[in-house]
Amino acid sequence: MLIKKYFRATCSIAIAFALTLQSSVTALAAPDSWKDPSTIGSVSATESYNLKDDFYTTVNRDWLAATSIPDGKDNYGEFNSLQDQNDANLIEIMKKSDSDDLDQQIFHTYYEFLSDWDTRNALGYAPIIPFIDSIRSISSLDDMNKFLVNPDVNVLENGIVSYYSTVSFDEPSKYVLNLSESDLLLPDANDYTTLSDLGSIYKDMYTDTASYMLKRMGYSSKEAKKTIKDCFAYEALLAKNMYTQDDLNSLDFFKNINNVLPLADVKALLGNYPIEGILNSVGFTDIDNVVAENPKYLASVGKLYNEKNLALMKNYFIVHTVIYFSDILDRETYETTEKIKNDAFGVSGMKSDDQYYLDTAKNNLMTVIDNVYINNFTSDKMKKDIDGVIKDSIAYYRKMLMNEAWLSQQTKDAATHKLDSMVIHAVKPDKLQDHSGLVLIPKSEGGNLVVASLIAMKYWAQDNYKKYKTTKDRDAWDYGSMYEVNSYYNFTDNSINIIPGICGGLFYNENMAKEEIYGGIGAVIGHEISHAFDSRGGQFDASGALADWWTPEDKAAFDDRVSKLTTYFDNLKVSDTMGNCNGVMLSGEAIADMAGIKCMLNLAAKEPDFDYNKFFTHYAVMWRRLLTSENELYRMSQDPHPLSYLRTNLVLAQYDEFLNTYGITATDGMYIAPADRIAVW
């Protein structure tokens, strides 16, 4: 919770390589036989399902009917199951105190602070009182200026305008200074004008959390209520000029945020807001140009930063600060605020203390834990196997691109150049990051959990800030969360990143059959490669620069194909409660899912006696997942990935290999006619 957005996550949204597709954008209704099986109780073990009508639910019926979401979670599936195993391995290491490895020593020291409830309970709120008092003592705009430029008291640092180093969209070998919007408590800027169901969940959750904490600190009910009301009121003023979720989903988003302005122009937009002093205080000096993600927002901050709004700003900082610390104070605060969050998202029970220790350490130790995981849970055999699948997959994509009839030779050449220039990061980096500069003050010298967390937060912030104006090594792996069950494509360096956390469970093991490898980690690899050519990743060239490398005619043909897919999703109703899908938001990941399967089917065709049933079934099992209704609501409005049953049924139904394996014909629910298929490539 303490690490903020020093590294803005850029959406790796995808492309699809699939069957021949007509350019029609006629709306296609969702198959009636596909019922949303995402929540507990939606599937019965006694109900009969037919794989020709609903493959996902038929394959996974018994698991969906019998499985419960574990305590402390709002969703559960094969990704979670593997994550649980990865976490169990890390928890075991976290508790070891006899290692000579620096990263493991830091990991264990932080664990000791986390698990020392006697000290945490004795300290209570004392560690954060000085930060709250420094905000409450502000009585003028000059005082606010002094607060903002003093990182020793302004623990949020970024305040109303966020700042960090990031690679340039125009010259991706260079790190530049980026200014962006602040964090809001509600999930969408639109929630401050019309509160959505999800927005209501977040508002109640943060209101209850802040109210509880403020009262623990001595605020009366009336004072706490006003403080929280002022915070939301100030956020509402900011939200008027912030990007909405629809803006974030827009295919033009990267072009819209790539606004390079001289510092003087940024200062003019921000008025009295002391941006230069803030930047100088954390080490940004000799500033020339700045990437202003949202100039309209910066101008609004300049207008809102005045004496009239001083009380609102103070209470905005107070609320954000107490929420910021809610999980690292005493036992009562942790358990109370965790229950508030769990209740908001339909979570039963509490996670174990060990899981809490690990989750909090992950938030604050970042690549320290990555190094620990890499050193203990990767192998040369794992890397060799994964590299082999990547090599075969890239060879398929090269052939596919060159054979695509609707592409001109000019675009084919540019696309294959991008493919050949792709940086491959698989399983583990050649060189681990050095954390010798991260020194946690021991308890004997006044250290405690809050102090350790702030040291870590500032260490990661400075690690990011010091990159400003340096040259990025394109081959270096900017890794993070190596223990997570995930992988990603980074379009700003044109790299695919298959991280070790996903190399287990149903995704990969050294003894897997080819069908299982292709249906697991293989589909993931094919998915990630495809992101280089999708409606967002395709806006970046071989070097990672935001540049148009398509001919106008080819780009128009591609957009027409994407439009057919987005129209399909827009007309796909999940349920009366959840409503319809958001086609633009889901398009990239949906296309990438199809691309991954199409890639693996092409590799499978070269394998003698390939068991297609085993392959398709393994893929369906890999995606099985149960959600609380609150989690599903979040995914429907915020998550660019389709729901699991769609990632299975809709993807597999695109391909004749699937239809032929099970004898699926036009009268079956899993049948989609060739003219109606939505795969883009």
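Okay, so before anything else: when I say contact or packing today, I mean heavy atoms within 4.5 Å. Helices (H or I, at least four residues) and strands (E, at least two) are DSSP runs, numbered from the N terminus. This is a predicted model, where local features need pLDDT of at least 70 and side-chain atom pairs count only at pLDDT 80 or more, while totals for chains, interfaces and linings use all residues. Residues are numbered from 1 along each chain as its sequence is written, and side-chain values use heavy atoms, with hydrogens and water left out.

Let's start with helix α13, residues 295–304. Its buried residues, and buried means under 20% relative accessible area with a 1.4 Å probe, protein chains only, are Tyr 297, Leu 298, Ser 300, Val 301, Gly 302 and Leu 304. What do they pack against? Three strands, for a start, β2 (161–167), β3 (175–181) and β5 (289–292), plus the helices α8 (221–239), α11 (263–270) and α14 (310–324).

Those strands take us to the sheet. It's an open one with 4 strands, ordered β2-β3-β5-β4, and the pairing is mixed. At the edges sit β2 and β4 (260–262), each pairing on one side only. Pairing here takes at least two DSSP bridges between the strands. From one strand to the next, the twist averages 40°. In the middle, β3 and β5 run parallel over 2 bridges, and Leu 179 stands opposite Ala 292 in β5.

Now over to another helix pair, α18 (380–403) and α21 (514–530). How do they cross? Their axes come within 10 Å, at roughly 55°. Axes are lines fitted to C-alpha atoms, for helices over the stretch in contact, with angles from 0 to 180 degrees between N-to-C directions. So α18 is oblique to α21, oblique being whatever is left after under 35 degrees (roughly parallel), over 145 (roughly antiparallel) and 65 to 115 (roughly perpendicular).

Who's in that contact? From α18 we have Ile 386, Val 389, Ile 390, Ser 393, Ile 394 and Tyr 397, and on the α21 side Ile 517, Ile 521, Gly 522, Ile 525, Gly 526, Ile 529 and Ser 530.

Let me finish on Ile 394. Buried or exposed? Its relative accessibility is 11%, so Ile 394 counts as buried. Skipping neighbours within four places in sequence, Ile 394 touches Leu 419, Ile 424 and Ile 529. And Ile 525 is 131 residues away along the chain from Ile 394, yet their C-alpha atoms are separated by 9.5 Å.

How values were computed:
Buried means under 20% relative accessible area, exposed over 50%, partly exposed in between (1.4 Å probe, protein chains only).
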